[in-house]
Protein chains: 2
Amino acid sequence: MNLNKMGVAAKQAAFTLGQLATSRKDQVLNAMADALLANQTQLLQANAQDLVTAKVRQVKPPMLDRLKLDEDRIQAMATGLRQVANLPDPIGNIDGGFTNEAGLVISKQRVPLGVIGMIYEARPNVTVDAAALCFKSGNAVILRGGKEAIQSNQALTKILQDVLKVQALPEAAIQLVSDTSHETARALMQLNDYLDVLIPRGSGSFIKTVVQTATVPVIETGAGNCHIYVDESADLAMAVRIIVNAKTQRPSVCNAMEKLIINEKVAKSFLPAIAKALAPYQVELRGDTAARKILPLITPATEADWETEYNDYILAIKVVPDLASAINHINRYNTQHSEAIITNNYQHSVQFTQQIDAAVVYVNASTRFTDGFEFGFGAEIGISTQKLHARGPMGLRELTTTKYVVLGTGQIRE
Amino acid sequence: MNLNKMGVAAKQAAFTLGQLATSRKDQVLNAMADALLANQTQLLQANAQDLVTAKVRQVKPPMLDRLKLDEDRIQAMATGLRQVANLPDPIGNIDGGFTNEAGLVISKQRVPLGVIGMIYEARPNVTVDAAALCFKSGNAVILRGGKEAIQSNQALTKILQDVLKVQALPEAAIQLVSDTSHETARALMQLNDYLDVLIPRGSGSFIKTVVQTATVPVIETGAGNCHIYVDESADLAMAVRIIVNAKTQRPSVCNAMEKLIINEKVAKSFLPAIAKALAPYQVELRGDTAARKILPLITPATEADWETEYNDYILAIKVVPDLASAINHINRYNTQHSEAIITNNYQHSVQFTQQIDAAVVYVNASTRFTDGFEFGFGAEIGISTQKLHARGPMGLRELTTTKYVVLGTGQIRE
């Protein structure tokens, strides 16, 4: 595995991709969708090998499920490719411009990032998703998936590369690192000569490791310790509906609710109501002293609870005297992902949205909407929880950068 | 020196700064300008101590010059503060928005980054520049200047902090790391719990070290191995004027020209003309074999020349058969800063601007225009040569990020 060689080839491929017309890119993406469906048998065989190895290694059932491909999932990947083909192409857009004092006409044009490194864990569908989004935005991609999915990922990459070949495009536009050792992952994270950006996808601890190890610029995606604050002015029935949705609709994802902050003026009436509403979902409730005075049977919440993203049917509850205390608690413990207030007080809604530091701040809605598809981007490469480059759901536009094009007539600087 | 303590204080200060009205920020910046002028004697005394120490350490004259403060330079710093006060405030701008399928009203609002770390070398004026730009954009800043300027930097920071105190604002909005050891610099570069971004300013090797060491997201500024390609269709008199400007107006800066790429069809007439025009400036010319056939007395250029940013009165010349070869050479060796073509062929101008990978691509103008002031931003924190977050000259806007504010009426996700 020669990463430098892959890097050189990717950079050359990126040059070609950056010049492709949108219609040509869309044609290729649709051909890739056809090819996935035409090669189902081969894909399922490769995936079966991964599953056998995983069972030998005693991989746990949820991981096995994420790893598994079937006809429906292959169909979904193909549909995903066609959806990306249908999205508007951000490349070539002009993000404004101006004429400066010297008479130079300066425009800011959207261009691809260049070469993107993707490091991710078990799901083989990320291979196709990431390849499609990078390709549509004119970027070459070097993929490094988990060892559990290596046979599936190799089969998928081969299919996509065969399409590139038939279409007379460089196969290095989509490459897979087939050596899944940690050493090679580390080398990829430090391939500064060739990678323009690295996007990790996976658990919080995995992303943290990438941030600590990488010297290539990283777009951090992910962790979500999301709070909902129920104000004393809240429509409590609305608060119940939103919390049940945010906590239970899909607890394993990053935009699910993890903490309930409740104003003490309504805690006594609201906490029994929300406990009752969550009971059918078997959500384990934990609470601070004040919450446990109202719900005596719930588990005491410790300091660790306030910091933890459970990704599970667990909800910790804190009672606060006022909005300022709620904001203070949230800004201290949140992961700057998605935070919500349920209120009917206009001034409180303004204060909350202004003072909370997070990628997405909600008034009277479920945190579950933080998602590229729900936002209408038509795609999502991840949700950025850092502040550079992109914040919140990232679609195709976030896989691009800009270039200033300056048209002169002989200007020199005085 | 407790960096964690500084980080906690900076984060609290950032919360306050993020809520300040523009007029209040401008008032403080103007008060800072007044305070610098009122405390000139004290500043010059502190600077004199730095100069004595530097002379004992046998620091070289150009460095001594960069370190030195005098009345004019203090006046310039004060003027700089007032100019920043006069700039429009990016905070609170709405970068568009939309209503999604579920009826959520989603707006993308400009907010401060939070806490910015600045690491830089000798010039004390960077202390005031950086503090002013960070303050105006609502960010707290932790400054770490070079050991040569420590007395000056401490005196400057004290003056700015005294103004903050009088204005009843947190002094931790502007902090200086007074321990200039490498260990503390390293710790600052890894202060992920408190710093949102790190901006290094200094030499190329210094910035490279920061990129390798930092785990906090870095905005890379800097290195400029800038090329000018003279096309066979160029107005050669214009090419001479632009090259003399780009090479000699200020050779030590990153947007100065370092390489001349010349089309072989005009090399014979152009090279003697440019050699003659550069002679009064004593520019050392180096050339490839073809260039040396035309200018036999110049130094042979080696592989190292193509990669080097001289920052000096040196120019290396390469003769190419066509535009594609010029683009290929530039994309291989440039540092993605500023690149120019001199041409009168429309199609060539399009091809060059589309295919060159750099922050700023010029047609018929000097590369020296890559500058926040020349671009009309009214300020500059640096020139980004990387692709994430910001590319090219960075002004106040590039010191901000966005936050999605989502206004709902009880929406839950189906």
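**Entry 1: a salt bridge.** I started with Lys387(A), which forms a salt bridge with Asp196(B). The closest N and O atoms of Lys387(A) and Asp196(B) are 3.4 Å apart. That sits inside the cut-off, which is within 4 Å. Note to self: this is a predicted model. How many salt bridges are there between chain B and chain A? I got a count of 6.

**Entry 2: the rest of the interface.** Next I looked up polar contacts across the interface of chain B and chain A, and the rule finds 41 residue pairs, both residues at pLDDT 80 or more. Then I checked which pieces of chain B are involved. Several elements of chain B each supply at least two residues of the side that touches chain A, including β2 (105-112), α10 (236-248), β13 (360-365) and β16. Which element gives the most to that side of chain B? It's β16(B), with 11 residues.

I also wanted the overall tally. The contact takes 70 residues from chain B and 70 residues from chain A. The area buried between the two chains is about 5700 Å², and carbon and sulfur atoms give 53% of that. On the chain B side, Leu388(B), Tyr404(B) and Arg413(B) lose the most area to chain A, together 15% of what that side buries.

**Entry 3: a sheet with strands from both chains.** I traced β16(B) further and ended up in a sheet. Strand β13 (residues 360-365) of chain A runs parallel to β16 (residues 400-411) of chain B, and 5 bridges join them. Within this pairing I found Val363(A) standing opposite Leu407(B).

Zooming out, I counted along an open sheet of 10 strands with mixed pairing. I wrote down the order: β10(A)-β9(A)-β11(A)-β8(A)-β7(A)-β12(A)-β13(A)-β16(B)-β2(B)-β1(B). Why do the end strands have a side without a neighbour in the sheet? β10 (299-300) of chain A and β1 (94-99) of chain B stand at the edges with a single partner strand each, so one side of each is left free of a neighbour there.

**Entry 4: helices on the sheet.** Helix α10 (residues 236-248) of chain A packs on this sheet, touching β7, β8, β11, β12 and β13 of chain A together with β16 of chain B. Its direction makes about 170° with that of β7(A). Helix α14 (residues 323-333) of chain A packs on the sheet too, touching β7, β8, β11 and β12 of chain A. For α14(A), I noted about 175° with the direction of β7(A).

**Entry 5: domains of chain A.** Last, the domain assignment gives chain A domain 1 (3-91 + 111-221 + 389-402) and domain 2 (226-369). Their C-alpha centres lie 36 Å apart.

Definitions and conventions:
Residues are numbered from 1 along each chain as its sequence is written. Chains are lettered from A and ligands numbered from 1 in the order in which they are written. This is a predicted model: local features need pLDDT of at least 70, side-chain atom pairs count only at pLDDT 80 or more; totals for chains, interfaces and linings use all residues. Side-chain values use heavy atoms; hydrogens and water are left out. Two strands pair if DSSP finds at least two bridges between them. Helices (H or I, at least four residues) and strands (E, at least two) are DSSP runs, numbered from the N terminus. Contact means heavy atoms within 4.5 Å. Axes are lines fitted to C-alpha atoms, for helices over the stretch in contact, and angles run from 0 to 180 degrees between N-to-C directions. Domain bounds come from an automatic or database domain assignment. Buried area is the accessible area (1.4 Å probe) that two parts lose on being put together, summed over both. A salt bridge is a side-chain nitrogen of Lys or Arg within 4 Å of a carboxyl oxygen of Asp or Glu. A polar contact is a pair of N or O atoms within 3.5 Å; within protein, one must be able to donate a hydrogen and the other to accept it, and residues adjacent in sequence count only if both atoms are side-chain atoms.
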